[in-house]
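Trainee: I would like to go through this structure one element at a time. Where do we begin?

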Amino acid sequence: MTTLPPDGPRRSDDTSNLGWALAVVLRRWQELAEAELSDVPHGSRGFHVLGACADEEAPTQAALAARLLIDRSVMTYLLDDLEKAGLVRRRVDPGDRRVRRVCATERGREFLADLRGRVARVEERVLSGLDAQARELFRAAAGRAAAAVQRAEPELDPCAAVRDVAGDAPGARREQATGP
C-alpha cells in the first residue's frame with residue numbers, strides 16, 4: 001500500500017502532473033500580467049479585447065463577446081471603459097443600424113503595441129526556466145492544444161479556468177461581474 005503525499009506544494013521536480021504544471025504557469029502569468037496591465041481598463045481582459053479589435057476588421061460587439069466568451073452585458077461595460085480611455089470606438093454598421101462595430105483607435109493601436117511588448121516580457125519571465133527553443137516549442141504546443149480544445153468545446157469558458165487557478169492568488173486583481 002502506498003501513501004499519497006499530503007495536499008500542498010509539489011516538489012519543483014515533479015513534472016509528470018500536467019494539471020499542476022499548467023496551473024502553476026497560469027497563476028504566475030496571471031499575477032505578472034495583471035501587474036503589467038494595471039493601466040488597462042479591466043487588465044488582461046481589456047488587453048485581449050483591444051487586441052481582437054485591432055487584429056480583426058472591426059468586429060461587431062456581439063461577435064467580439066462571442067469570440068472572447070464574454071457575456072454581452074459585461075462586454076458593453078468593458079467597451080464603455082475602453083472607449084472612455086480613447087482606446088476603441090464603436091460605430092454603427094452601415095448595413096444594419098442595430099449593429100455596432102468596434103475598432104481600435106490610433107491611440108489604442110499604439111498602446112497595444114506597448115502592451116504586447118510588456119506581455120512578451122511577462123511570458124519570457126514566466127518561461128525563463130526553459131531555453132529559447134523550448135519556450136517557442138511550449139508556446140506553439142500550448143497554442144495548438146488550446147485551439148483543439150476550443151474547437152471541440154466552443155462554449156468552454158477560459159476565464160473560468162483563470163478564475164479557478166489564479167482568482168485567489170496573492171496580488172491577483174478580481175474583476176467585478178464575471179471576469180478574470
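**Burial and packing of a helix**

Mentor: We start with burial, keeping in mind that this is a predicted model. In α2, the buried residues are G43, S44, R45, G46, F47, V49, L50, G51, A52, C53 and A54.

Trainee: Is α2 largely enclosed by the rest of the structure or not, and how many of its residues are buried?

Mentor: Buried means under 20% relative accessible area. Because so many residues of α2 meet that, the helix is largely enclosed by the rest of the structure; the count is 11 of 13.

Trainee: What span should α2 have, and how far apart are its end C-alpha atoms?

Mentor: α2 has 13 residues, at 1.5 Å a residue, so it should span 18 Å. The distance between its end C-alpha atoms agrees with that: 18 Å.

Trainee: How do α2 and α5 cross?

Mentor: The axes of α2 (residues 43-55) and α5 (residues 106-126) come within 10 Å and cross at roughly 125°. That angle makes α2 oblique to α5. The crossing is left-handed.

Trainee: Which residues make that contact, and how do they divide by type?

Mentor: From α2 come F47, L50, G51, A54 and D55. α5 supplies G108, R109, F111, L112, L115, R116 and V119. By type they divide into 7 nonpolar, 2 polar and 3 charged.

Trainee: Is R135 buried or exposed, and what is its relative accessible area?

Mentor: R135 lies in helix α6 (residues 132-152). Leaving aside neighbours within four places in sequence, R135 is in contact with E124, L127, S128 and L130. R135 is buried, with a relative accessible area of 15%.

Note on methods: Residues are numbered from 1 along each chain as its sequence is written. This is a predicted model: local features need pLDDT of at least 70, side-chain atom pairs count only at pLDDT 80 or more; totals for chains, interfaces and linings use all residues. Side-chain values use heavy atoms; hydrogens and water are left out. Axes are lines fitted to C-alpha atoms, for helices over the stretch in contact, and angles run from 0 to 180 degrees between N-to-C directions. Helices (H or I, at least four residues) and strands (E, at least two) are DSSP runs, numbered from the N terminus. Angles under 35 degrees count as roughly parallel, over 145 as roughly antiparallel, 65 to 115 as roughly perpendicular and the rest as oblique. A crossing is left-handed if the near helix is turned anticlockwise from the far one by less than a right angle, and right-handed if clockwise. Contact means heavy atoms within 4.5 Å. Ala, Val, Leu, Ile, Met, Phe, Trp, Tyr, Cys and Pro count as nonpolar, Asp, Glu, Lys and Arg as charged, and the others, Gly among them, as polar. The expected span of a helix is 1.5 Å times one less than its number of residues. Buried means under 20% relative accessible area, exposed over 50%, partly exposed in between (1.4 Å probe, protein chains only).
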